[in-house]
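Colleague: I should like to learn how to read a sheet and a nonpolar core. Please take the sheet before the core.

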Amino acid sequence: MIYRRLRQMGVLGINRRNIDLTSRHNPRRLYPLVDNKLRTKAMCIGAGIPVPRLLAKAEHHFELEELMGRVDGLDDFVMKPARGAMGNGIVVITGRTERLFSRTGSRRMSRGDLQFHAASILSGLYALGGNDDMAMVEERLVVHPEFRSIAYDGVPDVRVIVYRGYPVMAMARLPTKASSGRANLHQGAIGVGLDMATGTMQSAVRHNAPLEIHPDTGERLIGRRLPNFERVLQIAVAAAEITGLGYLGADVVVDARHGPVILELNARPGLAIQLCNRAGLLPRLATVDRIADMPRDATGRLTMVKELADLWTRD
Amino acid sequence: MSPAVVWTGIIHVAVGLALFSYKVLGLELALVPTNPEGVWQVELALSVRGTGAGALKAALPSNEASQIVFDETASSDGLSLSIENEGPGRIGVWSGDLKGIHRIVYSFRARLTERDAERPLPHAPFEPDVPATVTRRYQEPTTVFPAAARPVRELLEELDVPPPDDPSGRLRTLVAFIEHRVATVSDGPADALLCLAEREGSPQGKSRLLVTLLRAADLPARLVVGLQLEEAKTPDLVRWVEVWIDGGWFPVSPVGDFFGARPRDLLALRYGPGDLVDGINAAATDLRYSALKERLGPQELANMMIPDNTLFASLSLYRLPLPAQRALRVLLLLPLGALAIALFRNFVGLGTFGTFLPILLGLALRETQLVLGLAMLAVVVLLGVVTRRFLEGLRLLLVPRLSFLLCVVILCVVGLALIGDGFGTRDFFAGVVFPIVVLTMLVERFSLVMAEEGFQEAFRRWVNTLAVAVASYPLFKSTTAEHLMFGFPELVLVVMGLLVFIGGYSGFRLTDLVRFRLLGSSSETIPLTSLEYPAGSSRRALDGEVSGSGS
């Protein structure tokens, strides 16, 4: 019953994603480009795509002291593993006193805690497959004013699925109290489906339940427009282009100072985006398959998507 | 699924099945690791309580066409055993001073063979003469079989039985009467006449009535009591009737189980109306029959499993030295476990700790008993997680920390072994190959998931892991599966083919359906504003209306 309905809607399941999308359009050799955030960052900078500024990095344990030395001069920053998955191992420092760093979710950690965390990252604790990893320290992004009232204690981001050069679906992920400031859906962040032409918020879901109002801030979500949406799609498409991946999820943050920046890229993006948009991916992918062979530059493809968006939203 | 996938799958399955069926059908290798001849080890154990001199009589099986009894042994404390013949059967008599309690054990092995297929009921002409010995013994009315009683005579008239020169017809009529017109009630009357009057009876009553009716119709008949032997079950007491027809005994079930061919799992113990065990001046307690289908020894099995065909004989794994065989037996079970994992992962979508960890656990549980193994796992992981928590404060580096945990896990296992020994379950840990390193990783992953995603998620995954391990456990425990995979390693090809099919399945997983249930529910129930707008309305109108009324 439900099986047939999901099929009719063209919902993409995990098996199908693995067989028809990631294994067909994403050559394995390209994975390290996106699995390692340092490489992604370098690549983006080379192509003129904006990314958060890298402040420090450490690859070996002897470099930790140097890393901590850099950190000592910073008031706020983000420490993360270069090869982490699903937001694991990310520490966001929002401010500090002499000895203590304060994290999001009003937690605190000492300098020693932070150094231990960096060491754990190097040992591969958070890395895919448990291999050795690198620790990186980035500037902390500033929530765009338009987002301030709908993001609780964290930075929201926009996930864009880019298929063969066309952005096909997008959602905004809004941190909540329950997700302790993280923008991960499975931890309780809100996923909001976006209209592909305008970036208007159409439907929101948290933990599989629909909602229209941000539970922590009381602000209405539906009908709001994402700032700079066109630019968001633009850099997502540009990032997809330089990686060479045919099916990619780009995480974009709209920073108050820099505007949209690429936070990370994902070669096996999750499927919950369909839930937030109340729509299956397959019809959109099929549309793209019909038009993908026509030569178009990025601007042409974005214009095309604007035209298609009405059709997609109505499906 | 692409044609390449389908063909790869089909070819693997086909080649595997072709080899397998040739070995089973062409070379006649055994599918199950038991003797095809069906040798059973049967034991009668009982206690006798008496007050003085007395005896205990028990029906013993005897050799006949469909059963061969051998290796009989008997033990009893202080009683003497003599064996008396009673018709075609034998009675063991234990006699002596029965004061107090005596334990009697009598065991034998029996090979049950099928009596040459179903005996067709003869049409006339057939052997008309019945030997006088048979007539005398099995045609006379007795108290148990009151063939001359009036209700019996009346019934025969009422049933309008065929004339005496058609014994087959008579037999059919009477058996049909017993089968269809007398109800079987387990605690119904056991007496022939009562059973006839009430038209219902226990299997014993019905068989007595059938013998009575047959004798009244001039057909020699006798009652047989035996055991229905069944694997892993206490044998059931079964009664049936044999009727002399065309110069031989023809077996018939009074409850319609068989007619002419005695099933192969029946062992006849006593011919006649008496009980299986009877005490004189003594009472039998704790009477118990038990039966075990005999497994083959490694050598016997090897002889059976190495075919005559030289090519296939040289490929048989049974030619390898025994230690190598033992290792390969376990190894060849792993593909089945992997198949189970693939099914769980791609059809169900359960997230477990590590891909193959659950089957390694399942394999480890095979060495222990299920419940004890699970309890042990729980203790080790619990202690491990607590230790891990403590280590967190020390801020050790990853590899030394894991190694520390490994030592804790090993100490846990050592401690459990000592405790197990204290409780006298020495075998419990013999040969435990709990993958210690795997356990350590399990502890580490459990702790990590707990820290990252909360206890609930860690526990959920732990339950999933155990569920898969427990689900694969019967597979690993099954001697039949082991025999099949070891005797027919080409089945690995079949597993590979199935894996190709599973790998090509692009449909939804069960967890997809749960995840997207919101999308699957009918659209009216979704409080959706944007989707319900008519196709023509502009987006501006949508924005205005949504922020205005919020419908």
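Modeller: Strands of a sheet pair through backbone hydrogen bonds, either parallel or antiparallel. Here, chain B has an open sheet of 4 strands in the order β10-β9-β8-β11, with antiparallel pairing (strands are DSSP E runs of at least two residues, helices H or I runs of at least four, numbered from the N terminus; a pair needs at least two DSSP bridges). This is a predicted model, in which local features need pLDDT of at least 70 and side-chain atom pairs count only at pLDDT 80 or more, whereas totals for chains, interfaces and linings use all residues. Residues are numbered from 1 along each chain as its sequence is written, with chains lettered from A and ligands numbered from 1 in the order in which they are written.

Colleague: Which strands of chain B stand at the edges?

Modeller: β10 (248–252) and β11 (266–271) of chain B do; each has a single partner strand, so one side of each is left without a neighbour in the sheet. β11(B) is joined to the antiparallel β8 (residues 221–228) of chain B by 5 bridges, and B:Ala268 in β11(B) stands opposite B:Gly226.

Colleague: How should one read a nonpolar core?

Modeller: In soluble globular proteins, nonpolar side chains tend to be buried together. A core is a set of buried Ala, Val, Leu, Ile, Met, Phe, Trp, Tyr and Cys residues joined through C-beta atoms within 7 Å; buried means 20 or more other C-beta atoms within 10 Å of the residue's own, exposed 12 or fewer, partly exposed in between, with C-beta atoms placed from the backbone. The largest core has 70 residues; among those touching the most other members are A:Val160 and A:Ala236. Helix α7 (residues 229–243) of chain A gives the largest share, 8 residues. A second, separate core of 59 residues includes B:Leu214 and B:Tyr271.
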